[in-house]
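Student: Hi! Can we go through this structure together, bit by bit?
Tutor: Sure, let's have a look.

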Amino acid sequence: MNETNTGFMSHIGGLELKKIDIDNYEFFTTIKEMHLNTGKIVHGGFLSTIADTGMGTAAHITANNKRCVTVSLEVKFISATLLNQTLKGKVKIQKKTKSLIFITCEIFNPTGIAITASGVWKIL
């Protein structure tokens, strides 16, 4: 289990990422008051951040613990998530080259899919 509880992530609750197999990872987080927007649903910036962090951590592991940076990130918001709900993220490595890693992510709330995301990470 890889924990991301330092730097910026320490301010928003951290994230634990678990490797399932060579190309698949999962993470979980529970929604707190600080994750909500003024409409009392989870802020899109928080969802984008945990998708980026989950995929970025998977990229780091896939790159044999080399530093990786986000080159592009696309997020699609599907459904709202509420206070105290637990989110489950599923991360999949789509392709790895010598210098880039292509990754997708789906984040589920208790009623179904909350967001989908995809991105590209540069291996430094």
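Student: Is Glu74 buried, exposed or something in between, and how do you tell?
Tutor: Glu74 is partly exposed, with a relative accessible area of 41%. Buried means under 20% relative accessible area, exposed over 50%, and partly exposed in between, using a 1.4 Å probe and protein chains only. One thing to know early is that this is a predicted model: local features need pLDDT of at least 70, side-chain atom pairs count only at pLDDT 80 or more, and totals for chains, interfaces and linings use all residues. Residues are numbered from 1 along each chain as its sequence is written, and side-chain values use heavy atoms, with hydrogens and water left out.

Student: Cool. What does the side chain of Glu74 meet in a salt bridge?
Tutor: The side chain of Lys76, at 3.1 Å from N to O. A salt bridge here is a side-chain nitrogen of Lys or Arg within 4 Å of a carboxyl oxygen of Asp or Glu. Lys76 is partly exposed too, at 45%.

Student: Why would side chains pair up like that?
Tutor: Side chains of opposite charge can pair when their charged atoms come close.

Student: How many salt bridges are there in the whole structure?
Tutor: A search of the whole structure finds three. One of them joins Glu26 and Lys88, at 3.4 Å from N to O. That pair links distant parts of the chain, with Glu26 in strand β3 (residues 24-30) and Lys88 in strand β5 (residues 86-96), 62 residues apart. Strands are DSSP runs of E with at least two residues, helices are runs of H or I with at least four, and both are numbered from the N terminus.

Student: Are Glu26 and Lys88 buried or partly exposed?
Tutor: Glu26 counts as buried at 18% relative accessibility, whereas Lys88 counts as partly exposed at 27%.

Student: And which side chain does Glu33 pair with?
Tutor: Glu33 meets Lys40 in a salt bridge of 3.3 Å, N to O. Glu33 counts as partly exposed, at 47%.

Student: New topic: helix α1. How many residues does α1 have, and how far does it reach?
Tutor: α1 has 19 residues and reaches 27 Å from its first C-alpha to its last, close to the 27 Å expected. The expected span is 1.5 Å times one less than the number of residues. Because 15 of its 19 residues are buried, α1 is largely enclosed by the rest of the structure.

Student: Where does Leu47 lie, and what is it in contact with?
Tutor: Leu47 lies in α1 and counts as buried, at 4% relative accessibility. Leaving aside neighbours within four places in sequence, Leu47 is in contact with Val42, Phe77, Leu87, Ile107 and Ile115. Contact means heavy atoms within 4.5 Å.

Student: What about Thr62?
Tutor: Thr62 lies in α1 as well, which covers residues 44-62, and Thr62 is buried at 15%. Not counting residues up to four places away in sequence, Thr62 touches Tyr25, Ile93, Lys96 and Ile101.

Student: What comes just after α1?
Tutor: Just after α1, Asn64 takes a positive phi of about 55 degrees.

Student: Last one: how many disulfides are there?
Tutor: The count comes to zero, where a disulfide is a pair of cysteine sulfur atoms within 2.5 Å. The sulfur of Cys68 is 16 Å from the closest cysteine sulfur, in Cys105, so that is too far for a bond. Cys68 counts as buried at 17%, and Cys105 counts as buried at 2%.
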